[in-house]
Amino acid sequence: MTTEDLVAHIHRKQSFLCIGLDTDLEKIPQHLLEEEDPIFEFNKGIIDATHHLCVAYKPNIAFYEAHGVKGWKALEKTIHYLNKNHPEIFTIADAKRGDIGNTSTRYAKAFFENLQFDSITVAPYMGKDSIEPFLAFKDKHTILLALTSNQGAYDFQTQKTGEEELYMKVLRTSKTYKNAENLMYVVGATKASFLTGIRRVVPNSFLLVPGVGAQGGSLQEVCKYGMNKDVGLLVNSSRGIIYASHTTDYAIAAAEKAGLIQQQMQEVLLKSK
Ligand SMILES: O=c1ccn([C@@H]2O[C@H](COP(=O)(O)O)[C@@H](O)[C@H]2O)c(=O)[nH]1
């Protein structure tokens, strides 16, 4: 998917919501455990109820890998279901990969070619030759971890390396990579006050912003400091939406939560006109 397609989709739906499919067998409604593939059934219920309210879905790969072959099959079914029924929706494999170039190429093939995701999250720690193999795929997007939402972000990411903080160095250096136009960045909603500085370095890039909802980040603050002329934001909520109810009405409850966020996003978009 091109960035232009994503921007048009955001304006059409008046939403820049990404719903996280962090599907946990211990949290999904009990009745689904009787299904042959409870993870897929849960995801299908969430997608059917919420697809008109969001522009992206982000399965976190850990929740699938934890179940071995069964989990991987559920992931495969989920991405096929999305691509077949909602091809306009931007899909993010939250896999946080990255390795020496030869290996990164295999990760890229696994998620971009085999599974047909539109994007993947990648850790920047191993540098240029670990990231460029992902960037080589046309109309696929590599979402680099810049400033993450967790407390541990302060251990390394905000520490100075020479003149600037490590996350700033990640932003600035990655802009010099081949096919850098295919880059997006993860910035946690819990770090909204950093967004002004981040926008000085990457004014035009899309930011994937996790951390509203369960982690307490503020949508309003993220929009205030992070929005650009193309909106430039995909704001993710996982648990806050998909576990709004733990019983048979889980999909309706998820749609209600997603609808509230979409309304707030619409208000922001109208005001920014
Ligand atoms: O900095 C980061 C990077 C990734 N995540 C992931 O996003 C979701 C957030 O889930 P919530 O339930 O909305 O808190 C989850 O998959 C994380 O692994 C992040 O939170 N922060």
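The exercises below work through a predicted model of a protein with a bound ligand.

**Exercise 1. Confidence**

Task: State what average pLDDT the protein has, and what ipTM and pTM the predictor gives the complex.

Solution.
- Step 1. Start with the protein. Its pLDDT averages 98.
- Step 2. Look at the spread. A score of at least 70 is reached by 100% of the residues.
- Step 3. Turn to the complex. The predictor assigns an ipTM of 0.99 and a pTM of 0.98.

**Exercise 2. The annotated domain**

Task: Find which residues UniProt assigns to a domain, and describe the secondary structure there.

Solution.
- Step 1. Consult the record. An unreviewed UniProt entry places "domain: Orotidine 5'-phosphate decarboxylase" at residues 16-254.
- Step 2. Read the secondary structure. Over residues 16-254, helix makes up 39% of the chain and strand 19%.
- Step 3. Check the ends. The end C-alpha atoms of this stretch are 16 Å apart.

**Exercise 3. The ligand shell**

Task: Describe the shell around the ligand by count, by class and by the strands that supply it.

Solution.
- Step 1. Count the shell. The ligand is surrounded by 16 residues.
- Step 2. Name the closest. These are Asp-22, Asn-60, Ser-149, Gln-215 and Arg-239.
- Step 3. Sort by class. The shell holds four nonpolar, seven polar and five charged residues.
- Step 4. Trace the strands. Strand E3 (90-97) supplies at least two shell residues, and so does strand E10 (233-237).

**Exercise 4. Polar contacts and cover**

Task: Give the distances from ligand oxygen atoms to N or O atoms of Asn-60, Gln-215 and Ser-238, then say how much of the ligand the protein covers.

Solution.
- Step 1. Take the side chains. An N or O atom in the Asn-60 side chain is 2.9 Å from a ligand oxygen. For the side chain of Gln-215, the corresponding distance is 2.7 Å.
- Step 2. Take the backbone. Ser-238 places a backbone N or O atom 2.9 Å from an oxygen atom of the ligand.
- Step 3. Assess the cover. On its own, the ligand has 470 Å² of accessible area, and the protein covers 89% of that.

**Exercise 5. Positive phi**

Task: For Asp-139 and Asn-179, give the phi angle, the location and the exposure.

Solution.
- Step 1. Read the angles. Asp-139 has a positive phi of about 60° without being a glycine. Asn-179, also not a glycine, has a positive phi of about 65°.
- Step 2. Locate Asp-139. The residue sits in the loop between helix H6 (128-135) and strand E5 (141-147).
- Step 3. Locate Asn-179. Its loop runs between helix H8 (166-174) and strand E8 (183-187).
- Step 4. Classify exposure. Asp-139 has a relative accessible area of 29%, so it is partly exposed. Asn-179 is partly exposed because its value is 27%.

**Exercise 6. Buried or exposed?**

Task: Classify Thr-248, Lys-128, Ile-89 and Lys-140 as buried, partly exposed or exposed.

Solution.
- Step 1. Set the cut-offs. Buried is under 20% relative accessible area, and exposed is over 50%.
- Step 2. Thr-248 lies in the loop between helix H11 (239-242) and helix H12 (250-271). Its relative accessibility is 63%, so Thr-248 is exposed.
- Step 3. Lys-128 belongs to helix H6. Its relative accessible area is 44%, so Lys-128 is partly exposed.
- Step 4. Ile-89 is in the loop between helix H4 (68-85) and E3. At 0% relative accessibility, Ile-89 is buried.
- Step 5. Lys-140 is in the loop between H6 and E5. Its relative accessibility is 12%, so Lys-140 counts as buried.

**Exercise 7. Sequence and space**

Task: Set separation along the chain beside C-alpha distance for four pairs.

Solution.
- Step 1. Ile-89 and Val-55 are 34 residues apart along the chain, with C-alpha atoms separated by 5.3 Å.
- Step 2. Lys-140 and Arg-106 are 34 residues apart in sequence, with a C-alpha distance of 15 Å.
- Step 3. Lys-128 and Ile-100 are 28 residues apart in sequence and 9.5 Å apart in space, C-alpha to C-alpha.
- Step 4. Thr-248 and Asp-155 are 93 residues apart along the chain, and 42 Å separates their C-alpha atoms.

Methods
Residues are numbered from 1 along each chain as its sequence is written. This is a predicted model: local features need pLDDT of at least 70, side-chain atom pairs count only at pLDDT 80 or more; totals for chains, interfaces and linings use all residues. Side-chain values use heavy atoms; hydrogens and water are left out. pLDDT is the predictor's confidence in each residue, from 0 to 100. UniProt positions are given in the numbering used here, feature names are shortened, and annotations may be inferred rather than shown by experiment. Helices (H or I, at least four residues) and strands (E, at least two) are DSSP runs, numbered from the N terminus. A residue is near a molecule or strand if one of its heavy atoms lies within 4 Å of it. A polar contact is a pair of N or O atoms within 3.5 Å; within protein, one must be able to donate a hydrogen and the other to accept it, and residues adjacent in sequence count only if both atoms are side-chain atoms. Accessible areas come from the Shrake-Rupley method with a 1.4 Å probe; for residues, only the protein chains shown count as cover. Ala, Val, Leu, Ile, Met, Phe, Trp, Tyr, Cys and Pro count as nonpolar, Asp, Glu, Lys and Arg as charged, and the others, Gly among them, as polar. Buried means under 20% relative accessible area, exposed over 50%, partly exposed in between (1.4 Å probe, protein chains only).
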